[in-house]
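Let's take a walk through a protein model together, one piece at a time. Have the structure open and follow along.

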Amino acid sequence: MTIDNLKSPDLAAPHPATADRPATAGRPATAPSAASTTDLLRLDDLHISVHHGAATAVRGISLGVRPGEIVGLVGESGSGKTLTCRAALGVLPDGCIIDRGSITFAGRDLTTLSRRGWEDVHGSHMGAVFQDPASYLNPSITVGHQLAEVLRVKLGLSRRAARQRSVELFTAVGLHQPEHVFHQIPAELSGGMLQRVMIAIAISCDPELLVADEATTALDVTIQAEVIELLRRLRAERGLAVLFVSHDLAVVAELCDRVVVFYAGEVVESGPAAEIIERPRHPYTQALLRVASVGDFRRRELEVISGQPPQVGEDITGCRFAARCPAAADACRSGPIAPVTVDAQHEVRCVRAQEAWAAGELAAR
Amino acid sequence: MTAPAPAPLISPQDAPLLAVESLDVILGRGWRATQVLSGVDLAIGPGEIVGLVGETGSGKTTLARTVAGLVSPAGGRVVFEGTTISALRRGARRAERRRGHLQLVFQDPLRSLDPDMTVAGIVGEGVRLQGETDGSEIRRRVVAALGQVGLDDSLLPRTPAQISGGQRQRVAIARALATEPRLLICDEPVSALDASNRNYILRLLDQLRTSLGLSIVIISHDLSSLAGIADRIVVLYRGRIVEDGPVDQVFAAPRHPYTALLMASAPSVRHDRELSPQQLTRTVAEAVALPEDLLAGLGGPDACVFAPRCAFAAAPCATQPPLVPAGERRSVACHRHDEWMTLARERAAARTSDRNGDRSRGRTTEGQLA
């Protein structure tokens, strides 16, 4: 791909979000309408290996994010959710290789994208925030300068215009006294404020997609609630799609339209958030729900998921969760398990998907 | 699953194991000096699990470090097992620390455990510091401590990097248990773990309380899982205790707006909260609408620590309220602890009608556009 056709107008055409951006201010906050069924980001049969091909950590992930949709990836540490979103961002760590599969963003194949191509995608079409905001900012330069720099480089704004736009963005992400914050260095700001600064930088060039990898994990609960509220508002105001990664199912349930549950490098269940929370079909999702902080403030027996997840790259015939599953049968270990569609948009990778819900219902009583 | 854990073993006549009395801690010197704790009173009874909650910078960790003798208080005292340990100096303090009756467990075992030492060395270090020189006795106690946290001796020759995150935190707890402590202070022991491991560690601490009669202080900001095991909750805000009481009562009816804010902010898979965080904190618009002298008072140095964020702050809140008894075994530091809940409900009702108004306005606009 050459730079010319990357910048060409047909780039904007496949996703309606860019075309009518100024008019979308009043876009409803609720789930994507039928009009936006084309995926903004689409991963198909993605395989990623780590340690220069020694072990396969992500095994055939397929998922899509539609414009203005908030999709949550949830799973234990080591389940491959971070690798998946890093692959989508084109920032895989050293030694990690995409073996198979495709990543399409707004009709463009990202797996073959050149360095210059990524420069155009990053910021302008995709923004990202991570767990530890302080490590992504220069500690000795004011946060305002760091945001203005992005605006000047990416959008070619003048010094004065970049400064003005920075203050507007700081206001948009809910920072108090934005003019004052502009002149502060990262050490003078709290964790929650820094994460807001990171979000301001990530959305500064009006991207269609924000990737948030454990973006609220290190924050206090009160601040976490505020950042979640901010993401919700940005989606409502700007039609921003969010790929939200977290190990906490409760946080994902709070924010997301759709949930994708990862286990040992595979998607075991995906579907609308309310559906997954109300009627989880996969035994792993049911277990995650039982251990999640459910907003229950009573004294109770804290449950655990027995056993350990398989080692990264371990080859297992059949279901990867079978060893820890209370409902595992012979059929679970005999061969690969294909995802089953149990309901509209609700897919489960379990041979007992139709029964599992009944079992979960019994257990809950 | 077993029945809920027994009621707290403490009764009011029991002498507390640890008593912290009007503790003031100032960190830094000269113009850098910051008062981190102000007048903290806290008593921990034998066999009690106390959850200490609060946000970053509220002084939770400083309180733990002061109790352990790592920070010298500027005022007040710390009494542990009848000894005023905050008054001990040099040799006496070192001797007290080496007894190992009070142990700390830190948040990130990868950073708190020496990466070059084996599990055997890490867990046995405290025993050696207690003066034990017999190698086989040290090993016996190390294996016993590992057994108490559900690990076996196959881990002994491994280093922290060679075991999983959940196991590492269990090794950190075994290290603390090896010296047979009376009080365990766990500083965010589960924040770095996923939900399943988090519950495992908390359950383990609950079992240790029962089997060893340990008193445990758990510092955490995850209220929901604390509610599962703690007997008492102590809420710290900007270096002051704002609420203290039995866990079930505090969570059933918080008396301080900050406790309510923490509960409202906790993520939940259900959407059935009575109050949202927005209803408990003051919006910028509301702050602007307040009379100027009141606003200045609420932001002043003598004001209630929570007043700058509190939606219910009024004129009396320009002075810091003391921690006063509010019901049986409960105390709260809020001038309006009897009133704010009613105000919050009114606010919630007002918001709902507002939002309905917005929605109908929105519909008209859409209608006009169509």
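## The big sheet in chain A

Before we start, a quick bit of vocabulary: two strands count as paired if DSSP finds at least two bridges between them. Also keep in mind that what you're looking at is a predicted model.

With that in hand, look at chain A, where eight strands make an open sheet in the order β6-β7-β8-β3-β9-β10-β12-β11, with mixed pairing. The edges are β6 (126-129) and β11 (340-343) of chain A, each of which pairs on one side only. On average, neighbouring strands here are turned by 20° against each other, direction ignored. Helix α8 (residues 191-202) of chain A packs on this sheet and touches β6 and β7 (209-213) of chain A. The direction of α8(A) makes about 170° with that of β6(A).

Now zoom in on one pair of strands. In chain A, β3 (residues 70-74) and β8 (residues 241-246) pair in the parallel sense over five bridges. If you want a spot to click on, Gly72(A) stands opposite Phe244(A) in β8(A).

## A buried leucine

Is Leu89(A) buried or exposed? A residue is called buried if 20 or more other C-beta atoms lie within 10 Å of its own. Leu89(A) has 21 such neighbours, so it counts as buried.

Leu89(A) sits in helix α3 (residues 81-89) of chain A. Setting aside neighbours within four places in sequence, Leu89(A) is in contact with Met126(A), Ala128(A) and Val211(A). Leu43(A) is 46 residues away from Leu89(A) along the chain, and their C-alpha atoms are separated by 12 Å.

## Two helix crossings

Two packed helices are described by the angle between their axes and the distance between the axes. In chain A, try helices α5 (residues 143-155) and α6 (residues 159-172): their axes come within 9 Å and cross at roughly 120°. This crossing of α5(A) and α6(A) is right-handed. Among the residues that meet there are Leu147(A) and Leu151(A) from α5(A), and Ala162(A) and Leu169(A) from α6(A). By class, this contact has five nonpolar, two polar and three charged residues.

Chain B has a crossing to look at too. The axes of α4 (residues 119-129) and α5 (residues 135-148) of chain B come within 9 Å and cross at roughly 115°, and α4(B) passes α5(B) in a right-handed crossing. Val123(B) and Val127(B) are among the α4(B) residues here, meeting α5(B) residues that include Ile138(B) and Val142(B). The contact of α4(B) with α5(B) has seven nonpolar, one polar and two charged residues.

## A covered strand in chain B

Next, find strand β7 (residues 183-187) of chain B, where five of five residues are buried. Both faces of β7(B) are covered: Leu183(B), Ile185(B) and Asp187(B) are on one side, with Leu184(B) and Cys186(B) on the other.

What does β7(B) pair with? Strand β6 (residues 102-105) of chain B runs parallel to β7(B), joined by four bridges, and Val105(B) stands opposite Cys186(B). Strand β8 (residues 215-219) of chain B also runs parallel to β7(B), joined by five bridges. There, Val217(B) is the bridge partner of Ile185(B).

## Domains, and where the chains meet

Step back to chain B as a whole. Its domain assignment gives domain 1 (9-101 + 182-194 + 214-252), domain 2 (109-180) and domain 3 (257-355). The C-alpha centres of domain 2 and domain 3 of chain B lie 45 Å apart.

How many residues of chain B are in contact with chain A? There are 33, and they touch 33 residues of chain A. The elements giving two or more residues to chain B's side are α7 (195-212), α8 (223-229), α9 (247-252) and α10 (257-265) of chain B. That side has 17 nonpolar, 10 polar and six charged residues.

Key. Residues are numbered from 1 along each chain as its sequence is written. Chains are lettered from A and ligands numbered from 1 in the order in which they are written. This is a predicted model: local features need pLDDT of at least 70, side-chain atom pairs count only at pLDDT 80 or more; totals for chains, interfaces and linings use all residues. Domain bounds come from an automatic or database domain assignment. A residue is buried if 20 or more other C-beta atoms lie within 10 Å of its own, exposed if 12 or fewer, and partly exposed in between; C-beta atoms are placed from the backbone. Two residues are in contact if their C-beta atoms, placed from the backbone, lie within 7 Å. Ala, Val, Leu, Ile, Met, Phe, Trp, Tyr, Cys and Pro count as nonpolar, Asp, Glu, Lys and Arg as charged, and the others, Gly among them, as polar. Axes are lines fitted to C-alpha atoms, for helices over the stretch in contact, and angles run from 0 to 180 degrees between N-to-C directions. A crossing is left-handed if the near helix is turned anticlockwise from the far one by less than a right angle, and right-handed if clockwise.
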